[in-house]
Amino acid sequence: MERDGPGDARRALGRLLEAVLASRGEANAVFDILAVLQSEDQEEIQDAVRACSRLFGALLEREELFVGQLPPEETVMAGSQGPTRKYKVWMRHRYQSCCNRLVELLAHSSFQVKELALSTLMKFVQLEGMYPLEKPKWEGNYLFPRQLFKSVVGGLLSQEEDHSLLLSQFQEYLEHDDIRYHTMQAAADTVARVTDGHPEVPLTFWNNAFTLLAAVSLPHQDSDLSSFYVKHAQLSDKWKVTHLKEHRKAFQLMWLGFLKHKLPLSLYKKVLVVMHDSILPHLAQPSLMLDFLTRAYDIGGAVSLLALNGLFILIHKHNLEYPNFYQKLYGLLDPSIFHVKYRARFFHLADLFLSSSHLPAYLVAAFAKRLSRLALTAPPEALLMVLPFVCNLLRRHPACRVLVHRPRGPELDSDPYDPGEEDPAKSRALESSLWELQALQRHYHPEVSKAASVINQLLCLPEVSIAPLLELTAFEMFERDLRKKGPEAMPLEFIPARGLLGRRDDLCAQHFTLS
């Protein structure tokens, strides 16, 4: 097909399209349309994609494509079948070639081409669902173009190119319940296929997969399953896609299949950030995440801090036991805890874990002593949160108040507390004292000094909420100090001066002035 310019090429494609739709005798013109899909020019490709969308969309609606298991093209053309059957099989093969090329265009350098290819493929998914290309196995059988949709999801989960922007466009389709359900199945299959026999999976694939998985959000009850991308005359209760329980199962299999692999450290953090809020509430069996969370908790550092949220939900809401949990929580307390990005989340959860009045006194004393020791080198914004935290521990557990009421305690050079001991039961914290808080009463920052002086008062007062202090930063403290108003000027003379020495006509007033 000769093309002199963009306008001529577009008109030529339009004529070919009209000829194919008007007469089966012009079917060979489909080759010319498909050939433009291989063009290097971005505008020509977009014109060809739009032409294919109109062409095969109309053929699907007319039901002029072969329905059933697609036989080889050569066998049908050489056989004795009728011309109608040969036409439908032949055109079905052209449709398949078009879909394969559109999937390849999802990796095109131009985002406009990728976006147009995605929308065209999703249009074909909708039309194939309404006019199936496979025969139902029984009356009322639920049909969905799984193979076509699986190839779309496979194209989105690229191993070479970051598709985060294209996946953000795909999220609008995830609002439909059937698309969401089949996306979970297709994503699980794609992750299994890519990782099978490939010990080194590119980071790009993992990031694309997480972006897609994190975009899946399930409804809370069956009545919310009412938005379907593929329109049906009537929904059947026999279809799995109409039951939230089946969605939860697919959601669970998708995440378990993803998390069973060795993920990059950066991805561990991203998963754990959304684990408690976006993953655990939608699982059919949340307890299956215990292995992943315990493995993440054992990594240490920021990953362990983030794993606390998920573990808290499993322990608090699902009655799961975690051996040596408090010992590992105690091990997370080191000087870096005041400087990590997730400090607020950690201390919020630590406050919840240590809120029970049934905890042994030695355990609470160990946490109070470790935090007090770390406070000696902590920044002021962290101290304003840690000091009320320690005082709240003493208020909840009266047996630990001996740490601030031991007048005949040991000298500082013979403090029985062992800061290097990993087991809080063996740290001998209950035999020590919180002399660190008394030292902080001489801190250079007046607010820190005031917060440390609380131990000199009665600890029977109600607890102080640390929630407003969790997100406090050095910048906020600096801004707050700048906004403080200083003391008003003190008047030193209540009678205004009338002259240099008090009289207007004296000698000094003739030679000097006050202005």
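Begin by selecting Glu172, which is partly exposed, with a relative accessible area of 44%. In this predicted model, Glu172 sits in the loop that joins α8 (164-170) to α9 (177-195). If you then add Gly300 to the selection, you will have two residues that are 128 residues apart along the chain, and whose C-alpha atoms are separated by 37 Å.

Next, select helix α14 (residues 301-318) together with helix α16 (residues 343-353), which pack at an angle of about 40° with their axes 9 Å apart. Because that angle falls outside the ranges for roughly parallel, antiparallel or perpendicular, α14 counts as oblique to α16. The crossing in which α14 passes α16 is left-handed. To see the contact itself, show the side chains of Leu305, Leu306, Leu308, Asn309 and Phe312 on α14, and those of Arg345, Phe346, Leu349, Leu352 and Phe353 on α16. By type, the residues of this contact comprise eight nonpolar, one polar and one charged.

Stay with α16 and ask how many of its eleven residues are buried. Eight of them are, so the helix is largely enclosed by the rest of the structure. The buried residues to colour are Arg343, Ala344, Phe346, Phe347, Leu349, Ala350, Asp351 and Phe353. Around them, display α14, α15 (325-331), α17 (361-375) and α18 (380-396), against which these buried residues of α16 pack.

From there, move to the largest nonpolar core, which has 160 residues, and in which Phe56, Trp255 and Phe258 touch the most other members. The element that gives the most to this core is α18, with eleven residues. Centre the view on Trp255 and, leaving aside its neighbours within four places in sequence, look for its contacts with Phe210, Leu213, Ala214, Val271, Ile279 and Met289. As a general background to such a view, nonpolar side chains in soluble globular proteins tend to be buried together.

The last stops concern backbone conformation. Select Glu63, in the loop between α3 (42-62) and α4 (73-78), and inspect its phi, which is positive at about 60° although the residue is not a glycine. Then go to Arg428, in the loop between α18 and α19 (435-440), where phi is again a positive value, near 60°, in a residue other than glycine. Is Arg428 buried, exposed or partly exposed? With a relative accessibility of 44%, Arg428 counts as partly exposed.

Note on methods. Residues numbered from 1 in each chain as written. Predicted model: local features only at pLDDT ≥ 70, side-chain atom pairs only at ≥ 80, totals over all residues. Heavy atoms only, no water. Axes fitted to C-alpha atoms, helices over the stretch in contact; angles between N-to-C directions. Helix = DSSP H or I, 4+ residues; strand = E, 2+ residues; numbered from the N terminus. Parallel < 35°, antiparallel > 145°, perpendicular 65-115°, else oblique. Left-handed = near helix turned anticlockwise from the far one by under 90°. Contact = heavy atoms within 4.5 Å. Nonpolar A, V, L, I, M, F, W, Y, C, P; charged D, E, K, R; others polar. Buried < 20%, exposed > 50% of the residue type's maximum accessible area, 1.4 Å probe, protein only. Core = buried A, V, L, I, M, F, W, Y, C linked by side-chain atoms within 4.5 Å.
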